[in-house]
Structures are given as structure tokens and as C-alpha cells.
Amino acid sequence: MADRSSSSMGFYCWNSLFYWLCLTTTLFLLSSFFVLRSSGRPQFVFRPSSDANIVSDNLNSGRGAAVLCQKVIAEHCASKQILKVFMYDLPPEFHFGLLDWKPEGTNVWPDIRTKVPTYPGGLNLQHSIEYWLTLDLLFSEYSGSSTSRVAIRVRNSSEADVIFVPFFSSLSYNRFSRLRKQERSSFDKLKQDKLVEYVEAQDEWKKSGGVDHIILAHHPNSLLYARNLLWPAMFILSDFGRYPPNIANVHKDIIAPYRHVIKSYANDTSTYDSRPILLYFQGAIYRKDGGVIRQELFYLLKDEKDVHFAFGSIQRGGVNNATQGMHSSKFCLNIAGDTPSSNRLFDAIASHCVPVIISDGIELPYEDIIDYSEFCIFVRNSDATKEKFLMNLIRGISKEEWTRMWTKLQQVEKYFEFRYPSRDDDAVQMIWKSIAHKVPAVKLKLNRNRRYFRTTNVSVTHTEPPAFMVPHNFW
């Protein structure tokens, strides 16, 4: 009996030991998986298998543990909200056809697995947001089950959170807004007319009135005619400078960053003392509207020591000169021009040159997520034009405070980088996140508008109201 009891106890001990060994191994692999996921390494996502499948394959030897692992991972993935986007199959003349891409057969979109149409360089790039977002949606159909994706394209509009209108409006304006000989309307104007006709004929627009539609108009002059007809949609803009508040406003629309034109400062090891220029500005000085402040500041600052304030353009090596100048400067001025914003702010961020923003009407991208005061200096227009105010402010910032802002610039610059394929928290994904933040308000508006849909088509008999009877004792 003693032998049988001891052998039984040995059997249970070995079972318990094996169980605890499997459990600890499972927990170790699971924790390793999440540590690697949180390290933020970029991954190229052309692969058929997901991370969840890889982990479960590695744990097939312990079936109970594998089931537990799959459940945890599934819950983790489900907790991440992914924006579902239905994209209209607009004819190529509205998007990649503007880049001289020629469709094959009935294909509306290029096969981005073989070749991606290129976007023109120069100043065209600063408003190229439409290009990057459209590419990202197309790529989402080939990117497998990557958990880093923020937005995906869906083919059924009833499953979508928003409806995306892929019109390259900024490119259309830059290339085709000028009238040619014997033309009454520009090519860009004709494109806008056709866009309105197309969009308003779609069932999705008729159903929502356009409230859940995304339309890009990043160049301040793009969509100049159609904006007055498509205003219920959510616009993606650079600022609100040329929009009345009933057409575009911060509650309805999205502010997206410019794509910076100068080169990023890679491997930046500069210090406060190694940047010889204290304050830098190079660009157009004489502007209209709110931009008149530029010439006021020019006359105030042009003779100041360690200040570079000069006219400049993209021509004749202007980009290279600006790159070298910003990389050599501690502070970079971002002053209102014809509109409240410009790509100069994002050039400064890419240069790790602390931006000094003088533009009372400016709206900034993702300001519900980012505290710009941690790496920017804001100055009211009325203060900036006071004698010595700006220079006293800048010279009063310590080396330590500048270094903190310089460090923060390197941490946030990824939010303003446009990449293909998109990466975690780059500009493409941040714009999608900004749109996702608006979705609850859009759904609230749509649901409220549907309250009385059953009563809209009810037929009624119109009768004359009864005559108003005056009481005998009225007089």
C-alpha cells in the first residue's frame, strides 16, 4: 500500500510540475510578445500571417495555453479601434490620372504592388496629403492583418465609419487652375463641377447628406467652387483662413500638417552653442491680408545681431539654403502670410529649430493630442510688433529651456512625417486618428437626423382651418 501511495504521489507531482512548467513558459512567451510589440519597431506588412497566428503556432504543444494566449491577443486587438473607410471608385481623372498615370482596361486604381505613381516635387509636395491618404487606403487591402494599421478600406459602405472622396484637389489647383487660351473655365473648375455631380448622385451622399464624407482641400485655394456645395462634408484643410465659418470650422473639419519641403535633420547632435544663428526667417516678406506683419517685423529685426531675416524662394537653391539655415538656427520664425499657416512651421520641426509662431488665427494639427507649448513659442501679433519685445523674449530663454524644447522636437517630429507605407504615429496615421475622433459627433448628428424618417412620406389631407370665432362679449 505504501508503494502504491508513493507512486501515486509521484505521478501527481510530475503532473503538477509539467502543468506549472507549461504555464510559466506560456506567460514568458506572451510577455515577450507584448514587449516586442510595444518597442515600436516598424514592420513591413506584406505578409499573410498575423502576430497572433505566429504566437499560437509556437504554443501548439500546450493546447490549453495556446487557447488562452489566442484569447488574450484577440481581446488586445479588439480593444484597438480601427477606422473603417469606404472609398469611392472615382475615375482616374480625379486622382492618379492627374499624375499622368494611365489605367489599364477598366482598372480605376494603379497596382501599387508593382509600381506607385510618383508625386511632383517642389512646393507641390507641401499639399500632397490627398496622395498619402489614398495610397494608405489602397495599401490596407494588401497589408495582411497588421495590428499597427489605423484605417482600413472596406468595400461595403454600410460597414464604414466614413466615406472618402479621393479627389486630388490641391494637385488639380496647382496644375490646372489657370485659364488657357480661348477657355471660359479652367480644367480645375470643370473637374470640380464633375466632382459635385458625381458625389451628389451617390446613394451614400443622399443617405447622409454628406455629413460622413471626407473631402481633401489642403491648398487654401483648392476646391474653390465646389466647397460651397459640398460643405456638409468633413474637410481636411491646412487652415481656415479662406473659409467662412459656416463652410469650414474647427468643430466639423480637420487641420492636417503640411509636408515639410526641406530635408529632415537626421542624426542631429547639435547643441545650443553649435547653432550660430539665434533667430531665422527666409521667405516672402511683402504679403497681403494678415501677412503685412512680416514687413513690420522685417524692419524691426533686420539690424539685430545673430538674426537672419531675408527674402527667399524655392528657386535657385532656395531649399538647400533654407535647410542649411534652419539646421544652423536656434529659433525659427513662423509668421502669418496670406493665410494663417505655412509649411515653414513643419520645416522648423523637421530641423529641430524651435518654432516661434506669430499668427493669431493659426489652427494646429492634432492639438487635442499634442501640447505645442512644450516645443514652440507663441507670440501675439500685437506683442511681436512692439519695440524690442520679441528679441527680449528670445534672448531671455535659457540654454537649458531651449535644450528641453529641442529634445521634445525630436520626439514629436514623427507625427509630421508622411510615409508610404505608413508607420506607427506618422502623419498619415495621425490624420486618420483625428478623423476617428470626429466619428462619434458625426454619428450623433446622423442618428438625430433620422428621428422622424418614418413621417417624411406620410400623405395627409389638407383642409381649411376653421374660421376664427369671436365671442359675442369680445367687444
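This is a short dialogue on reading helices, sheets and burial in a predicted model.

Me: Where do I start? How many helices and strands does the protein have?

Reply: Start with the inventory. The protein has 14 helices and eleven strands. Then look at burial. Buried residues make up 47% of the 475 residues. Then look at contacts. Among contacts with a separation of 6 or more, 67% join residues 24 or more positions apart.

Me: Now the sheets. In what order do the six strands of the open sheet run?

Reply: Read a sheet by its strand order, not by sequence. Here the order is 2-1-3-4-5-6, and the pairing is parallel. The edges are strand 2 (151-153) and strand 6 (254-255), each of which pairs on one side only. For one pair inside, take strand 3 (residues 162-165) and strand 4 (residues 213-216). They pair in the parallel sense over three bridges. Phe164 has Ile214 of strand 4 as its bridge partner.

Me: Which strands does helix 4 touch?

Reply: Helix 4 (residues 129-140) packs on the sheet. Its contacts are strand 1 (83-87), strand 2, strand 3, strand 4 and strand 5 (234-237). Check the direction too. Helix 4 makes about 70 degrees with strand 2.

Me: Which helix crosses helix 4 at roughly 85 degrees?

Reply: Helix 14 (residues 427-449). The two axes come within 10 Å and cross at roughly 85 degrees. That makes helix 4 roughly perpendicular to helix 14. Now find the side chains at the crossing. Ile129, Trp132, Leu133, Asp136 and Leu137 of helix 4 meet Val428, Ile431 and Trp432 of helix 14.

Me: How do I check the length of a helix? What should helix 6 span?

Reply: Compare the expected rise with the distance between the ends. Helix 6 (residues 187-200) has 14 residues, which at 1.5 Å a residue should span 20 Å. Its end C-alpha atoms are 20 Å apart, so the two agree.

Me: Which residues of helix 6 are buried?

Reply: First the general idea. An α-helix has 3.6 residues a turn, so residues three or four places apart point the same way. Now the case. Asp188, Lys191, Gln192, Leu195, Val196 and Val199 are buried in helix 6. They cover an arc of only 140 degrees around the axis, which puts them on the same side of helix 6. The cover includes strand 3, helix 5 (169-176), helix 7 (203-208) and strand 4.

Me: How do helix 5 and helix 6 cross?

Reply: Their axes come within 8 Å and cross at roughly 150 degrees. Angles over 145 count as roughly antiparallel, and that makes helix 5 roughly antiparallel to helix 6. Ser169, Ser172, Tyr173 and Phe176 of helix 5 make the contact with Phe187, Asp188 and Lys191 of helix 6.

Me: What about the loop? Is Arg178 buried or exposed?

Reply: Judge a residue by its relative accessible area. Arg178 lies in the loop between helix 5 and helix 6. Its value is 75%. Exposed means over 50%, so Arg178 is exposed. Exposed residues can still be checked for contacts. Beyond its neighbours within four places in sequence, Arg178 is in contact with Glu183 and Ser186. Arg178 also lies 9.6 Å from Lys189, C-alpha to C-alpha, with the two eleven residues apart in sequence.

Me: In what order do the five strands of the other open sheet run?

Reply: The order is 8-7-9-10-11, and the pairing is parallel. Strand 8 (307-311) and strand 11 (377-378) stand at the edges with a single partner strand each, so one side of each has no neighbour in the sheet. Strand 7 (residues 277-283) pairs with strand 8 in the parallel sense over five bridges. Tyr280 stands opposite His308 of strand 8. Strand 9 and strand 10 also pair in the parallel sense over five bridges. There, Asn334 stands opposite Ile357 of strand 10.

Me: Which residues cover the two faces of strand 10?

Reply: Turn that around: ask which of its own residues are buried on each face. Val354, Val356 and Ile358 are buried on one side, and Pro355 and Ile357 on the other. Both faces are covered.

Me: Which helix lies across strand 8, and how many residues of helix 10 are buried?

Reply: Helix 8 (residues 293-301) lies across strand 7, strand 8, strand 9 (329-335) and strand 10 (354-358), at about 135 degrees to strand 8. In helix 10 (residues 344-351), eight of its eight residues are buried. The cover includes strand 7, helix 8, helix 9 (318-327), strand 9, strand 10 and helix 13 (399-412). Look just past the end as well. His352 follows helix 10 with a positive phi, near 60 degrees.

How values were computed. Residues are numbered from 1 along each chain as its sequence is written. This is a predicted model: local features need pLDDT of at least 70, side-chain atom pairs count only at pLDDT 80 or more; totals for chains, interfaces and linings use all residues. Side-chain values use heavy atoms; hydrogens and water are left out. Two strands pair if DSSP finds at least two bridges between them. Helices (H or I, at least four residues) and strands (E, at least two) are DSSP runs, numbered from the N terminus. Contact means heavy atoms within 4.5 Å. Axes are lines fitted to C-alpha atoms, for helices over the stretch in contact, and angles run from 0 to 180 degrees between N-to-C directions. The expected span of a helix is 1.5 Å times one less than its number of residues. Buried means under 20% relative accessible area, exposed over 50%, partly exposed in between (1.4 Å probe, protein chains only). The arc is that of the directions from the helix axis to the C-beta atoms. Angles under 35 degrees count as roughly parallel, over 145 as roughly antiparallel, 65 to 115 as roughly perpendicular and the rest as oblique.
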